[in-house]
Amino acid sequence: MDHHAHHSGTAHGRSAPAGGRDHSGHGGHGGHGGRHDSDAHGASWATAMKATLHCLTGCAIGEILGMAIGTALLWGNVPTMILAIALAFVFGYSFTLFAVVRAGVPLKAAVKVALAADTVSIAVMELVDNAIIALTPGAMDAHLSDGLFWSALLGGFAVAFAITTPVNKWMIGRGKGHAVVHAFH
């Protein structure tokens, strides 16, 4: 069957909806409800891991910078964590924002894409990572030169990656989260 004719509506004798794609007559496509995108069967683990790694990179830069600044300035635990979380969001969003703007999307629209793509992923990652750090005895009081500081921080990232990957897989499989960004790559 000529797919172009099918999508233009002429194959079934009716016109396509405003989006130009009428998928109601797709009985012979494996029962996926007429969807052609890769989200029809969910996201692959590889895609979810890439999205999570992308998010983790921005979060890690912001988190490490925030923890390092707060620790070096001898701030208390709460202000240090607030700074680290804020910088994790800033760097996490900025990585996506830069890529989307580079793809030619105007800044205002790119900000919306970055917020839609990364908010849940960064929030889950930060919640898990900071909970690990806060619950590791002595980690928040450790200095930058202490192995405990770095092992808690890096261990928190590893656990956050493991928990956030299935969240991203679920979201991408439903056209949410990092799936929003894939249209611009």
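Helices here are DSSP runs of H or I with at least four residues, and they are numbered from the N terminus. With that in hand, P79 can be placed in helix α3. Please keep in mind as you work that this is a predicted model.

**Exercise 1. Describe the secondary structure of the chain and say what percentage of its residues are buried.**

Solution. Start by counting elements: the chain has 6 helices and 0 strands. Next, read along the sequence, where the pattern is α-α-α-α-α-α. Finally, turn to burial: of the 185 residues in the chain, 37% are buried.

**Exercise 2. Work out how helices α3 and α4 are arranged and what kinds of residues make their contact.**

Solution. Two packed helices are described by the angle between their axes and the distance between those axes. Begin by locating the pair: α3 covers residues 77-102 and α4 covers residues 107-135. Their axes come within 8 Å of each other and cross at roughly 145°. As for handedness, α3 passes α4 in a right-handed crossing. Sorting the residues of this contact by class gives 19 nonpolar, 4 polar and 2 charged.

**Exercise 3. Decide whether L74 is buried or exposed, and find what its phi angle looks like.**

Solution. First find the residue: L74 sits in the loop between α2 and α3. Its phi is near 60°, which is a positive value in a residue other than glycine. Now check accessibility: the relative value for L74 is 67%. The cut-off for exposed is over 50%, so L74 counts as exposed at 67%.

**Exercise 4. Identify the surface patch that includes I69, and classify I69 itself.**

Solution. Look for I69 in helix α2, which spans residues 45-72. On the surface, I69 joins L65, L73 and W75 in a nonpolar patch. Together these residues offer about 350 Å² of accessible area. To classify I69, take its relative accessible area, which is 32%. Values under 20% mean buried and values over 50% mean exposed, so I69, at 32%, is partly exposed.

**Exercise 5. For A51 and T47 in helix α2, give the burial class and a partner from elsewhere in the sequence.**

Solution. Take A51, a residue of helix α2. Its relative accessibility is 5%, so A51 counts as buried. The partner to look at is T165: 114 residues separate it from A51 along the chain, while their C-alpha atoms are 7.9 Å apart. Move on to T47, also placed in helix α2. At 26% relative accessibility, T47 counts as partly exposed. Its partner is H178, 131 residues away along the chain, with 9.3 Å between the C-alpha atoms.

**Exercise 6. Do the same for M171 and P79: which class does each belong to, and how far away is the partner?**

Solution. M171 belongs to helix α5, residues 147-173. Its relative accessible area is 9%, under the 20% limit, so M171 is buried. From M171 to A43 the C-alpha separation is 8.4 Å, although their positions lie 128 residues apart in sequence. P79, in helix α3, has a relative accessibility of 37% and counts as partly exposed. Its partner is G66: the C-alpha atoms of P79 and G66 are 9.5 Å apart, and the two residues are 13 apart along the chain.

Methods:
Residues numbered from 1 in each chain as written. Predicted model: local features only at pLDDT ≥ 70, side-chain atom pairs only at ≥ 80, totals over all residues. Heavy atoms only, no water. Patch = residues over 30% accessible without salt bridge, like charges linked within 9 Å, V, L, I, M, F, W, Y side chains within 5 Å. Areas by Shrake-Rupley, 256 points an atom, 1.4 Å probe, with all protein chains shown as cover. Salt bridge = Lys/Arg side-chain N within 4 Å of Asp/Glu carboxyl O. Helix = DSSP H or I, 4+ residues; strand = E, 2+ residues; numbered from the N terminus. Buried < 20%, exposed > 50% of the residue type's maximum accessible area, 1.4 Å probe, protein only. Axes fitted to C-alpha atoms, helices over the stretch in contact; angles between N-to-C directions. Left-handed = near helix turned anticlockwise from the far one by under 90°. Nonpolar A, V, L, I, M, F, W, Y, C, P; charged D, E, K, R; others polar.
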